[in-house]
Amino acid sequence: MQFHENGYVIGDPLRKPAGPLVAARTEGLPAEVDVLIAGTGPAGLLLAAQLSAFDGINTRIIESREGPLEIGRADGIACKTVETFEAFDFAERIVQEAYWVNETVFWRPDPNNRTNITRTGRIQDVEDGLSEFPHIIVNQARVHDFFLEFMKNSPNKLEPDYGYEMVRVEVSETGTHPVTAYLKDPSGREVTVKAKYVVGTDGARSVVRESIGRELQGEFQNHRWGVLDLLANTNFPDIRLKAAIQSENGSNILLIPREGGFLFRFYVDLGDVDPHNREKGRDMTAEQVIEVAKNVLHPYTLDVKDVAWFSIYEVGHRVTDGFDDVPENERATRTPHVFIAGDACHTHSAKAGQGMNVSMQDTFNLGWKLAAVLEGRSPESLLHTYHAERHQIAHDLINLDSKWSKVMATPPKDPNHPERPGIDPAELQAAFIENGRFTAGVATQYLPSLLTGTSEHQALASGYPIGQRFHSAPVVRLADAKPMQLGHVAKADGRWRLYAFADKDGAPRLRQLLDYLGNDPASPITRFTPAGADLDSVFDLRAIFQDNHRDITIEDVPEILRPQVGKFGLRDYEKVFTPDYKLGENIFEMRGINKDKGALVIVRPDQYVAHVVPLDEPAAIGAFFEGFMTQQN
């Protein structure tokens, strides 16, 4: 974390000095905004938090509720999502508060007495080395709290406007603010706001989606589950472990312990839904669902003291036909001005724990692109990549979740009745292991495109697959010998990361590259950084040398790695790293970096690897950024 670059900060260093938009903020909504976000779910709040860091972008976020969420539906936070939280400076705090999913256990009918259940397996939840962060469970409302705090501490001091209901949006082909949003204010009066861009994160019944003529496509799986957050006494021995429980009566439970040591969640299988009478069973009470759960747990007892939350839902797998307002046949002539994200785009079961996680990755993908366009650093055509990238990811999610839901709803095999359909315990356990990388959030793969390079130089950094998330690793910061995670330098500030891994024998290739980046008129840093801005305002260049940190000094590195920043032109000494030889984990070996030649790993603002380029082919760097950046100098 860096601060004081523009003067000494008194008090909380996370509270940024107010930007110019704060003084202009009025009571109620303004007539015009740059970005209007509808909905304060996780997707909407992440987008608002990301845009709040740009003090020249006028962002507002509205919510039909009268205040913040108090009890959330979602609870599972994937490893990749915690990595994203690190970019917003609250990963460590939420990890400390949350329940850690360390292991998963499996229960099935006891072969000796099938009316009872018995433990049949136990696995590690997240494979070793997959992430520096755990898979955690925490109430969705707490995720909201952290984003709201980040927004309030930002230069824009952004806070939601509660009590505003989105009625519809209309898009014009002319004007600087071509989208008109029609709203009802807290008094019920209709008001309008004109925006350059509108983003609908307003749920599965999205008004924004309906306004732009997009439709959810897919089907229900005709299966129903009850979900309860409980405080209870039980003699079930694995109540504080994630558990997949299959019973003889055909019902199943997915048990998710919750934060705090006492609360836990049951997903209770309530069986098939009659497609001709979908209302039947929807009126089940919490007490009735608890009775089903008690039957599954037999011979163990369950004495419920309090139901913190209860709901019944049906499994549906649907994806919206498009994630913005531009039809496919008009993409060559129009750029989008209305977007949808999260549940407005894709609906699925809760079993894989991906709803909240994938929704936030939607808007993390979109936010930096909106900022780049609004600040004039990229053309509007960049915004087409949101639909192109996230629509495919949503289909991947639905395909996996459809298979996973069927596995979870399948009764266990009965050796006494081999003719009955069912799943063997070993199959269920294998399915958990097979889907581990997806449920951890690290299986996303962007295909070659404007923002994702091709793989001809992938061998130079085999541990950083192009199109996948940047996998952090331990390093030592040269200037102050601080052991840290390299990936944690990346914050939600819209900057591209250039990680330059040095070649051996004095790093001649790296030094030549740094000379090009700092001095050549063709350098992307020179061409695409706005006049008067800090040298690292668009590209955050970091170098990782192979030396022990005690064998080189900060004076040994080129000046571009000590850029002057802020209004005082202070030197930033935190751009250079070495492997952590004391820890015994060499990032070059851990991530497959070619030690002879080195490599430049280009990472997007949303933490995905965009390209791997040889250190001695600088022209390839400029050619990559030319595809989606606007010349500044």
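**Close-up 1. Helix 3 and helix 8 sit oblique to each other in this predicted model.** The axes of helix 3 (residues 79-86) and helix 8 (residues 355-374) cross at roughly 40° and come within 10 Å. That angle is neither under 35 degrees nor in the 65 to 115 range, so it counts as oblique. As for hand, helix 3 goes past helix 8 in a left-handed crossing. On the helix 3 side, look for Lys80, Thr81, Thr84 and Phe85; they meet Asn357, Met360, Gln361 and Phe364 of helix 8. Sorted by class, this contact has four polar residues, three nonpolar and one charged.

**Close-up 2. Here helix 2 and helix 5 run roughly parallel to each other.** Helix 2 covers residues 42-52 and helix 5 residues 140-152; their axes cross at roughly 15° and come within 9 Å. This crossing, too, is left-handed. Helix 2 brings Pro42, Leu45, Leu46, Ala48, Ala49 and Ser52 to the contact, where they meet Gln140, His144, Phe147, Leu148, Phe150 and Met151 from helix 5. The tally here is nine nonpolar and three polar residues, with no charged ones.

**Close-up 3. Helix 15 and its buried residues.** In helix 15 (residues 618-626), the buried residues are Ile621, Gly622, Phe624 and Phe625. Look down the helix 15 axis and these fall within an arc of 160°, so they line one face of the helix. What do the buried residues of helix 15 pack against? Two helices are on the list, helix 12 (508-519) and helix 13 (524-528), along with strand 21 (496-501), strand 22 (539-544), strand 26 (599-603) and strand 27 (609-613).

Key
Residues numbered from 1 in each chain as written. Predicted model: local features only at pLDDT ≥ 70, side-chain atom pairs only at ≥ 80, totals over all residues. Heavy atoms only, no water. Axes fitted to C-alpha atoms, helices over the stretch in contact; angles between N-to-C directions. Helix = DSSP H or I, 4+ residues; strand = E, 2+ residues; numbered from the N terminus. Parallel < 35°, antiparallel > 145°, perpendicular 65-115°, else oblique. Left-handed = near helix turned anticlockwise from the far one by under 90°. Contact = heavy atoms within 4.5 Å. Nonpolar A, V, L, I, M, F, W, Y, C, P; charged D, E, K, R; others polar. Buried < 20%, exposed > 50% of the residue type's maximum accessible area, 1.4 Å probe, protein only. Arc of directions from axis to C-beta.
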